[in-house]
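Biologist: Could you walk me through this structure at an unhurried pace? I would like to ask short questions as we go.

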Amino acid sequence: MTEAVTPSASTTLDSLAPLLRDWLPRQRWFAGKGRPVTGFTPVAVTQLLPSNGRLDLYHVLLRVHQPPETTHPGDCYQLLIGAREALPPRLAPALIGHVTEGPLAGRTVYDALYDRRPAEVLLEALRTGARIAGLRFERDPRQEIRPHLVARMLSAEQSNSSVVYGDTFILKLFRRVVPGVNPDLELPLALAREGCSRVPAPTAWLHADLDEQPYALAVLQPFVSGAADGWELALRELAKGQDFTLEARALGRATAEVHTALARALPTVTLGPAQLGPLVAGMTERLAAAVQAVPALLPYQPGLRSAYTALAELAAGGRTWTAQRVHGDLHLGQCLRAPSGDWSLIDFEGEPARPLAERRLPQPTVRDIAGMLRSFDYAARAASSAPERWAHDCRAAYCSGYAEVSGADPRTDPVLLRAFETDKAVYEVVYEARHRPDWLPVPLSAIRRLAVSDPH
């Protein structure tokens, strides 16, 4: 990849390399954990503020090289780097390090998203539709963006970073970026055109064009003030011993409304044997790779594989399914309940570990449903006080709510549902083994259930 990185910017980045080599792998959103960082290639370095001695501010797209370099070009990450003479105590968590050479020698560099002033620079650029070097800040002119909204970084560790502006907007900054159309912008824009109120409509967004390919870098959306995400709400209700089935039923209806709107907005396709073959093959390959990565899966491999072969047999017998664009990574944490009681769905990026082209493929809607059913299971097992039937009752209520809007109960297609729930649980096992080993027993418990031919 080529890009107009100026010599001074490149030199600046070179001087930061030793610090970034240590800091990057410690970030929650860094996808290459467990592999050494062998080098960096600057993709684009843009100075966002003129140097004034107090604060230097750089927008950086950086390719990080890790083995095996022969088969992988390295992931590209987006950073907002600030440099000051010294950091105030409030910015201590954002420290990257102290620079000893190059143009920034003697200064302290840090993750500037934690800093109110640099974060507000981004909002002002979005508000005014600025163009800064290769960065394009764009907005929906029908939506107002008031200036001087106070920024605060959200503390929750995710695969991306988010900044809230005055409880009015939330800016999601993608950390690992890839070329192409990002579904986290594409789908909310499509849903807004359909008038679907279940997803906050994008207000503004940040793009870069590199090598004649678009890179979506950030999306600004209305902030649902006072909202609780579904995961936190479920755990809170569990701790109080409260029933959650009414909320689960409402979530099912909200999911069906989003699916219905997406089916109107974007093309649908029919999945027959020719299309199901690659889909089942992909599930089978992911299972094989997961067994290699997490040997604890090995005893369950034959049973899990049977979930996929049963689906292939249905397709071979002439069964077809409709596929469409879906959320792709739906779970309780991707749902917000406003104080009014209305549910919204957020974060349409899909599973970040999967290639972008795969995340944009039409899928059976049961993919999202399986994700939510797994999430109820997660919540029940995360709360030590959960009644034995809590997850079962929530799963049933969610499917009933979904059927009320869509006219189709996911439970009436058990082979398809089991295959997608198994694929999701296998993904969770690998994710937890890599990132949160303490959580590994949660998906492994589901694996034991799904490995039998009739998990219910």
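**Talking through the model**

Modeller: Let us begin with Arg 325, which sits in the loop between strand S16 (321–323) and strand S17 (335–337), and please keep in mind that this is a predicted model.

Biologist: Okay, is Arg 325 buried or exposed?

Modeller: Arg 325 has a relative accessible area of 6%, and because the cut-off for buried is under 20%, Arg 325 counts as buried.

Biologist: Which side chain does the side chain of Arg 325 make a polar contact with?

Modeller: The partner is the side chain of Glu 186, at 3.0 Å, and in addition a polar atom of the Arg 325 side chain lies 3.1 Å from the backbone oxygen of Arg 360. Leaving aside residues up to four places away in sequence, Arg 325 also touches several others, including Pro 183, Leu 187, Leu 262 and Leu 266.

Biologist: Glu 186 is in H3, right, so what else is buried there?

Modeller: Along with Glu 186, the buried residues of H3 are Pro 183, Asp 184, Leu 185, Leu 187, Pro 188, Ala 190 and Leu 191. Eight of the 11 residues of H3 are buried, so this helix is largely enclosed by the rest of the structure.

Biologist: And what do those buried residues pack against?

Modeller: They pack against strand S10 (169–173), strand S12 (204–210), strand S13 (213–222), H5 and helix H8 (356–359).

Biologist: How do H3 and H5 cross?

Modeller: The axes of helix H3 (residues 183–193) and H5 come within 9 Å and cross at roughly 90°, which means that H3 is roughly perpendicular to H5. The contact is made by Leu 187, Ala 190 and Leu 191 on the H3 side, and by Val 258, Ala 261, Leu 262 and Ala 265 on the H5 side.

Biologist: What happens at the start of H3, and what comes just after H3?

Modeller: At the start of H3, a side-chain oxygen of Asn 182 reaches to within 2.8 Å of the backbone nitrogen of Asp 184, while just after the helix Gly 195 takes a positive phi of about 75°.

Biologist: Changing topic, where is Asp 243?

Modeller: Asp 243 is in the loop between helix H4 (230–239) and helix H5 (245–265). Its relative accessible area is 51%, so Asp 243 is exposed, given that the cut-off for exposed is over 50%. The side chain of Asp 243 makes a polar contact with the side chain of Thr 245, at 2.5 Å.

Biologist: Where does Arg 107 sit, then?

Modeller: Arg 107 is in the loop between strand S4 (95–98) and strand S5 (108–111), and with a relative accessible area of 11% it is buried. A polar atom of the Arg 107 side chain lies 2.9 Å from the backbone oxygen of Ala 83.

Biologist: How many residues of H9 are buried?

Modeller: In H9, 15 of the 17 residues are buried, so the helix is mostly covered. Helix H9 (residues 366–382) reaches 24 Å from its first C-alpha to its last, close to the 24 Å expected at 1.5 Å a residue.

Biologist: Last one: what is the mean pLDDT of the chain?

Modeller: The mean pLDDT of the chain is 91, and 96% of its residues reach 70 or more. Among the elements of the chain, helix H1 (residues 7–23) has the lowest mean pLDDT, at 81, and H5 has the highest, at 98.

Methods
Residues numbered from 1 in each chain as written. Predicted model: local features only at pLDDT ≥ 70, side-chain atom pairs only at ≥ 80, totals over all residues. Heavy atoms only, no water. Helix = DSSP H or I, 4+ residues; strand = E, 2+ residues; numbered from the N terminus. Buried < 20%, exposed > 50% of the residue type's maximum accessible area, 1.4 Å probe, protein only. Polar contact = N/O pair within 3.5 Å; in protein donor to acceptor, adjacent residues only side chain to side chain. pLDDT = per-residue confidence, 0-100. Expected span 1.5 Å × (residues − 1). Contact = heavy atoms within 4.5 Å. Axes fitted to C-alpha atoms, helices over the stretch in contact; angles between N-to-C directions. Parallel < 35°, antiparallel > 145°, perpendicular 65-115°, else oblique.
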